[in-house]
Amino acid sequence: MTADRSLRLTRGATVWLTGLSGAGKSTLAGAVATLVAGESTDVEVEVLDGDEIRRTISSDLGFSREDRDKQGQRVGFIAELLTRHRVLTLVPVIAPYAETREAVRAHHAERGSAFFEVYVSTPLQECARRDPKGLYARAAAGEVKGLTGVDDVYEHPEAPDLQLDTSTGSPEGAADRVLELLREAGVVEYVDDTASSENPVAS
């Protein structure tokens, strides 16, 4: 936010950040939230982290295809509810199946809620190098089965609204591109604070 302009949210929106474990989804969501907070004083932002949802409302689910689909649709339901109430909702989740992601998009469309799919396409080799949860090392040691992208499928988005590879550039640069996507879609806009603060009534 500069001295003479600030960011305004024209409507709620869900930004669905999908990609492999270690792709940088949560880091990107945090960077977007920080960027928005610096540009605005009144935009409501929520981050729905997939791992946190699994530890709480989805603690009953495992990692079968059916359970992964349920997890994605639960997160999507919460995201749409927030979005409908004028919140910028950032959703960093793996969501490996195209069918799940399309169902979430359709759920938003049915209710007139804005939805943007951002494919965080960081290559598997880089995700495994980062390995923030130690999952790739455990999979290589035979301790973990069904790891998405290794021995379980990840269905790459065919037509995402935005594709970002976090192995190049900075989280802040990637966040700028997400914000530009929202600006081009009319979800956010910059307003001139100097004009709004002027008193039109002559003294």
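In which strand is the place of Glu 117? The legends below, which describe a predicted model, take up this residue after a view of the whole chain.

**Figure 1. Overview of the predicted protein model, with its helices and strands.** The secondary structure of this protein comes to eight helices and seven strands, and the C-alpha trace spans about 80 × 35 × 30 Å along its principal axes. Of the 203 residues in the protein, 43% are buried. When contacts with a separation of 6 or more are considered, 79% of them are accounted for by residues that lie 24 or more positions apart. According to an unreviewed UniProt entry, residues 11-165 carry the annotation "domain: APS kinase". Over residues 11-165 the chain is 43% helix and 16% strand, and the C-alpha atoms at the two ends are 27 Å apart.

**Figure 2. Close-up of Glu 117 and the residues that it touches.** Glu 117 has its place in strand 5, which runs over residues 114-120. Because its relative accessibility is 5%, and buried means under 20%, Glu 117 counts as buried. Leaving aside residues up to four places away in sequence, Glu 117 touches Trp 16 and Thr 18, then Arg 101 and Arg 105, and finally Pro 157, Ala 159, Pro 160, Asp 161 and Leu 162.

**Figure 3. Close-up of the contact between helix 3 and helix 4.** The axes of helix 3 (residues 65-84) and helix 4 (residues 98-110) come within 9 Å and cross at roughly 25°. Angles under 35 degrees count as roughly parallel, and therefore helix 3 is roughly parallel to helix 4. The crossing in which helix 3 passes helix 4 is right-handed. From helix 3 the contact is made by Arg 65, Asp 69, Gly 72, Gln 73, Gly 76, Phe 77, Ala 79 and Glu 80, while helix 4 contributes Glu 99, Thr 100, Ala 103, Val 104, His 107 and His 108. Sorted by character, the residues of this contact divide into four nonpolar, six polar and four charged.

**Figure 4. Close-up of Arg 86 and Ala 95, two residues with positive phi values.** Arg 86 has its place in the loop between helix 3 and strand 4 (88-93), and its phi is near 65°, a positive value in a residue other than glycine. With a relative accessibility of 43%, Arg 86 counts as partly exposed. Ala 95 is found in the loop between strand 4 and helix 4, and its phi is near 45°, which is again a positive value in a residue other than glycine. Ala 95 counts as buried, because its relative accessibility is 10%.

**Figure 5. Close-up of Asp 4 and Val 191, which are 187 residues apart in sequence.** Asp 4 is found in the segment before strand 1 (5-9), and with a relative accessible area of 40% this residue is partly exposed. Although 187 residues separate Asp 4 and Val 191 in sequence, the two are 8.5 Å apart in space when the distance is taken from C-alpha to C-alpha.

**Figure 6. Close-up of Thr 168 and Thr 122, which are 46 residues apart along the chain.** Thr 168 is found in the loop between strand 6 (162-164) and helix 7 (171-184). Since exposed means over 50%, the relative accessible area of 55% makes Thr 168 an exposed residue. The C-alpha atoms of Thr 168 and Thr 122 are separated by 8.8 Å.

Definitions and conventions. Residues numbered from 1 in each chain as written. Predicted model: local features only at pLDDT ≥ 70, side-chain atom pairs only at ≥ 80, totals over all residues. Heavy atoms only, no water. UniProt positions renumbered as here; feature names shortened; annotations may be inferred. Helix = DSSP H or I, 4+ residues; strand = E, 2+ residues; numbered from the N terminus. Buried < 20%, exposed > 50% of the residue type's maximum accessible area, 1.4 Å probe, protein only. Contact = heavy atoms within 4.5 Å. Axes fitted to C-alpha atoms, helices over the stretch in contact; angles between N-to-C directions. Parallel < 35°, antiparallel > 145°, perpendicular 65-115°, else oblique. Left-handed = near helix turned anticlockwise from the far one by under 90°. Nonpolar A, V, L, I, M, F, W, Y, C, P; charged D, E, K, R; others polar.
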